[in-house]
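User: Hi! I'm new to reading protein structures, and I'd like to go through one with you. Can we take it a step at a time?

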Amino acid sequence: MCICVNCHYVDRCLTYNAVEYQHQQPHLTETPDFEPIEPTINVNIRNTSDAIEMEWDVVGCESFKEEMGKWARLRPGELVPT
């Protein structure tokens, strides 16, 4: 699971913005202004009968500042990405 959903900087982060792009999801912001220090991204690749699927998750980041539920507060009523 992407640690970004519980990060204080999720709505300003350049890395999370890139992850949203890779998942073809709407951005929390179109103009992120926070560059995180040493984010670590896991990319899981799955072959399906029709295509290759990739899932990107930030699993570590030196800038991570925990704020439980931050993403959910920004997108009330939407399913939290897993």
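Analyst: Sure, and let's sort out some words to begin with: Ala, Val, Leu, Ile, Met, Phe, Trp, Tyr, Cys and Pro count as nonpolar, Asp, Glu, Lys and Arg as charged, and the others, Gly among them, as polar. Keep in mind that this is a predicted model.

User: OK, so how many charged residues are in the lining of the largest pocket?

Analyst: That pocket holds about 250 Å³ of space, and 16 residues line it. Sorted by class, there are 8 nonpolar and 3 polar residues in the lining, and the number of charged ones is 5.

User: Which elements each supply at least two residues of that lining?

Analyst: Start from the middle of the pocket: Tyr16, Val19, His23, Gln25 and Pro81 are the lining residues nearest its centre. Two elements each give at least two residues to the lining, and they are α1 (14–22) and β2 (52–60).

User: What about closed spaces? Which residues are closest to the centre of the largest cavity?

Analyst: The structure has 1 cavity of 30 Å³ or more, with about 110 Å³ of space in it. Its lining is made of 15 residues, and the closest to the centre are Cys4, Cys7, Cys13, Val58 and Cys61.

User: And how many charged residues line the largest cavity?

Analyst: Go through the classes again. The lining has 13 nonpolar residues and 2 polar ones, and the count of charged residues is zero: there are no charged residues.

User: Now the outside. Which element gives the largest share of the nonpolar patch?

Analyst: The patch covers about 450 Å² of surface and is made by Ile41, Val43, Ile45, Ile52 and Met54. Two elements, β1 (40–47) and β2, give two or more residues to it. With 3 residues, the largest share comes from β1.

User: Why does valine 43 count as partly exposed?

Analyst: Valine 43 sits in strand β1. Buried means under 20% relative accessible area and exposed means over 50%, with partly exposed in between. Valine 43 counts as partly exposed because its relative accessibility is 35%.

User: Is glutamine 24 buried or exposed?

Analyst: Glutamine 24 lies in the loop between α1 and β1, and its phi is near 55 degrees, a positive value in a residue other than glycine. Its relative accessible area is 72%, so glutamine 24 is exposed.

User: And glutamate 38, what is its relative accessible area?

Analyst: Glutamate 38 is also placed in the loop between α1 and β1. Its phi is positive too, near 50 degrees, in a residue other than glycine. Glutamate 38 is exposed, and its relative accessible area is 60%.

User: Let's do salt bridges. Which residues are linked with Arg46 in a network?

Analyst: There are 6 salt bridges in the structure. In one of them, arginine 46 meets glutamate 55 at 2.8 Å, N to O. Arginine 46 is partly exposed at 39%, while glutamate 55 counts as buried at 19%. The network links Arg46 with Glu53 and Glu55.

User: How far apart are the closest N and O atoms of glutamate 78 and arginine 75?

Analyst: Glutamate 78 counts as partly exposed, with 44% relative accessibility. Arginine 75 counts as buried, with 15%. The two form a salt bridge, and their closest N and O atoms are 3.9 Å apart.

Conventions. Residues are numbered from 1 along each chain as its sequence is written. This is a predicted model: local features need pLDDT of at least 70, side-chain atom pairs count only at pLDDT 80 or more; totals for chains, interfaces and linings use all residues. Side-chain values use heavy atoms; hydrogens and water are left out. On a 1 Å grid over the protein atoms alone, a cavity is a set of points where a 1.4 Å probe fits but cannot get out, and a pocket is an open set with protein on both sides within 12 Å along at least five of seven lines; lining residues have an atom within 4 Å of a point. Grid points are joined across faces, edges and corners, and a volume is the space filled by probe spheres set on the points. Helices (H or I, at least four residues) and strands (E, at least two) are DSSP runs, numbered from the N terminus. Patches are made of residues with over 30% relative accessible area and no salt bridge: like charges are joined within 9 Å, nonpolar side chains (Val, Leu, Ile, Met, Phe, Trp, Tyr) within 5 Å. Accessible areas come from the Shrake-Rupley method with a 1.4 Å probe; for residues, only the protein chains shown count as cover. A salt bridge is a side-chain nitrogen of Lys or Arg within 4 Å of a carboxyl oxygen of Asp or Glu. Buried means under 20% relative accessible area, exposed over 50%, partly exposed in between (1.4 Å probe, protein chains only).
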